[in-house]
Amino acid sequence: MEAPTTQQAIADRRYMAHALELADHGRFTADPNPRVGCVIVRDGHEVGTGLHWQAGEAHAEVNALQVAGEQARGATVYVTLEPCSHHGRTPPCTEALIRAGVARVVIAMQDPNPKVCGGGVQALEAAGVQVENGVLEAEARALNPGFVHRMEQGRPWVRVKLAASLDGRTAMASGESQWITDEAARRDVQLWRARAGAILTGSGTVVSDDPRMNVRMKPFDLAAHAGFPDDPRYHDLPSRQPLRVILDARLRTPPGSQILREGPVWILTGPDVVDSPTADALRGKGAEVRAVPLAEELAEGGLDLGAVLAELARAEVNELHVESGPGLAGALARGGWVDEWLIYQAPLLMGSSARPLVEWPLARMSERAELEIVDSRWVGETLRLRAHPRS
């Protein structure tokens, strides 16, 4: 296969950038499937575009082919993820592309799903379709951190959200924490909850704060706040509540908790109490109570966080959004489970007796955890920081 000319390479990047933009419009709705966009070009003109809206519905390529119709014959297809070559919730996209008679397919990244993983490329090439791979690959991987991480690492992408004062405090010594940030920041948190497959918290937070941990915006409101163009599809899509997960080794969650009132809830607990009357009472409120192993190294009988993440991966959770106190945040950090920190820093001071950002006793500078700030912006009067571990 000949390498594309400089002019062709520039065009490939331009059309792929548009496909990535389309894919991002499925940020709140495509889960647990990856966000995928597709652009079909013939004679230098876009003749069809599409994205994947919801699991079980047509994939981006099929939606774009429906728009292009006969103009797809001999065209170039730009797709952000390798077209599927297997029967899942929908038929293989490779078959649809081959039937449409496309001449060339440009792919941003290979599908990390072992069911696909190169099979789509092979199927297209075997049918005589020219394939170009790796155009804006880094951008495509960044669009689907959870899906990629779950397929490659066997666990979700863990994003820990914390609200803190300028002196790094998350609650007063009494536990009082409402509200550190302003309304604009709390509205912004809704966008991060909505894109997640699950929201994780600890029983301590449930007992002290009685949170709902839900998404309170409709899809069209989420899209508007994310800056997406208005699309009738957003008005047709039903609201989706992420799975709420409570880590509760001793089953301290009150049956009357607000978090149990809407949407699916898992309570992960120890094997010795999973069949107790307390567990049955929580099941009576609609919760699914599951046992996971206890962490051997924790004298207080905490849960094995690796086992928790593996359980969520089996449930097809791509992005795990964590809202908790410093104890669970610190346990995740100490175990090396945090992939991204989402910190809202408010312009206030809470004093030295207030609770810290994470419970993580470090004695020497050589033990410090170094982070890379990947994004910083103002949300109302709150500074929002996104950071990844440097390692």
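**Note on a predicted model: sheet, helices, cavity and backbone details**

1. Helix H12, made up of residues 305-314, lies across five strands: S6 (157-164), S9, S10 (265-269), S11 and S12 (319-323). Relative to S9, helix H12 runs at about 165 degrees. The structure is a predicted model, and the points below should be read with this in mind.

2. The strands under H12 belong to a wider arrangement. An open sheet is formed by nine strands in the order S11-S10-S9-S8-S12-S6-S13-S16-S15, with mixed pairing. Strand S11 (288-291) and strand S15 (371-379) are the edge strands, each pairing on one side only. On average, and with direction ignored, neighbouring strands of this sheet are turned by 25 degrees against each other. As background, strands of a sheet pair through backbone hydrogen bonds, either parallel or antiparallel.

3. Which strand does S8 join through five bridges? Strand S8 (residues 198-202) is joined to strand S9 (residues 243-247), and the two run parallel. Within this pair, Ala 198 stands opposite Leu 243 of S9.

4. Strand S13 (residues 340-345) deserves attention for its two pairings. With S6, strand S13 pairs in the parallel sense over six bridges; here Ala 164 has Gln 345 of S13 as its bridge partner. With strand S16 (residues 382-389), strand S13 is joined by five bridges, and these strands run antiparallel. In that pairing, Leu 342 stands opposite Arg 386 in S16. Strand S13 is also mostly covered, since five of its six residues are buried.

5. Helix H2 (residues 60-68) has a set of buried residues, namely Ala 60, Glu 61, Asn 63, Ala 64, Leu 65 and Ala 68. In an α-helix there are 3.6 residues a turn, so residues three or four places apart point the same way. The cover over the buried residues of H2 includes strand S1 (37-42), strand S2 (45-51), strand S3 (76-79) and helix H3 (93-100). Just after H2, Gly 69 takes a positive phi of about 60 degrees.

6. Two residues other than glycine also have a positive phi. The first to consider is Leu 136, with phi near 55 degrees, in the loop between strand S5 (130-133) and helix H5 (137-143). Is Leu 136 buried or exposed? Leu 136 counts as buried because its relative accessible area is 10%, which is under the 20% limit.

7. The other case is Glu 316, where phi is near 65 degrees. Glu 316 lies in the loop between H12 and S12, two elements already met in the first point. Glu 316 has 32% relative accessibility and therefore counts as partly exposed, a class that lies between the 20% and 50% limits.

8. A further backbone detail concerns the peptide bond from Asp 31 to Pro 32, which is cis, with omega near 10 degrees. Pro 32 is found in the loop between helix H1 (6-24) and S1.

9. Asp 31 also appears in the lining of the largest cavity. How many cavities of 30 Å³ or more are there? The count comes to one, and the largest cavity has a volume of about 60 Å³. Its lining consists of Arg 27, Asp 31, Asn 33, Pro 34, Arg 35, Asn 144, Gly 146, Phe 147, Asn 318 and Glu 319. By type, the lining residues divide into two nonpolar, four polar and four charged.

Notes. Residues are numbered from 1 along each chain as its sequence is written. This is a predicted model: local features need pLDDT of at least 70, side-chain atom pairs count only at pLDDT 80 or more; totals for chains, interfaces and linings use all residues. Side-chain values use heavy atoms; hydrogens and water are left out. Two strands pair if DSSP finds at least two bridges between them. Helices (H or I, at least four residues) and strands (E, at least two) are DSSP runs, numbered from the N terminus. Axes are lines fitted to C-alpha atoms, for helices over the stretch in contact, and angles run from 0 to 180 degrees between N-to-C directions. Contact means heavy atoms within 4.5 Å. On a 1 Å grid over the protein atoms alone, a cavity is a set of points where a 1.4 Å probe fits but cannot get out, and a pocket is an open set with protein on both sides within 12 Å along at least five of seven lines; lining residues have an atom within 4 Å of a point. Grid points are joined across faces, edges and corners, and a volume is the space filled by probe spheres set on the points. Ala, Val, Leu, Ile, Met, Phe, Trp, Tyr, Cys and Pro count as nonpolar, Asp, Glu, Lys and Arg as charged, and the others, Gly among them, as polar. Buried means under 20% relative accessible area, exposed over 50%, partly exposed in between (1.4 Å probe, protein chains only).
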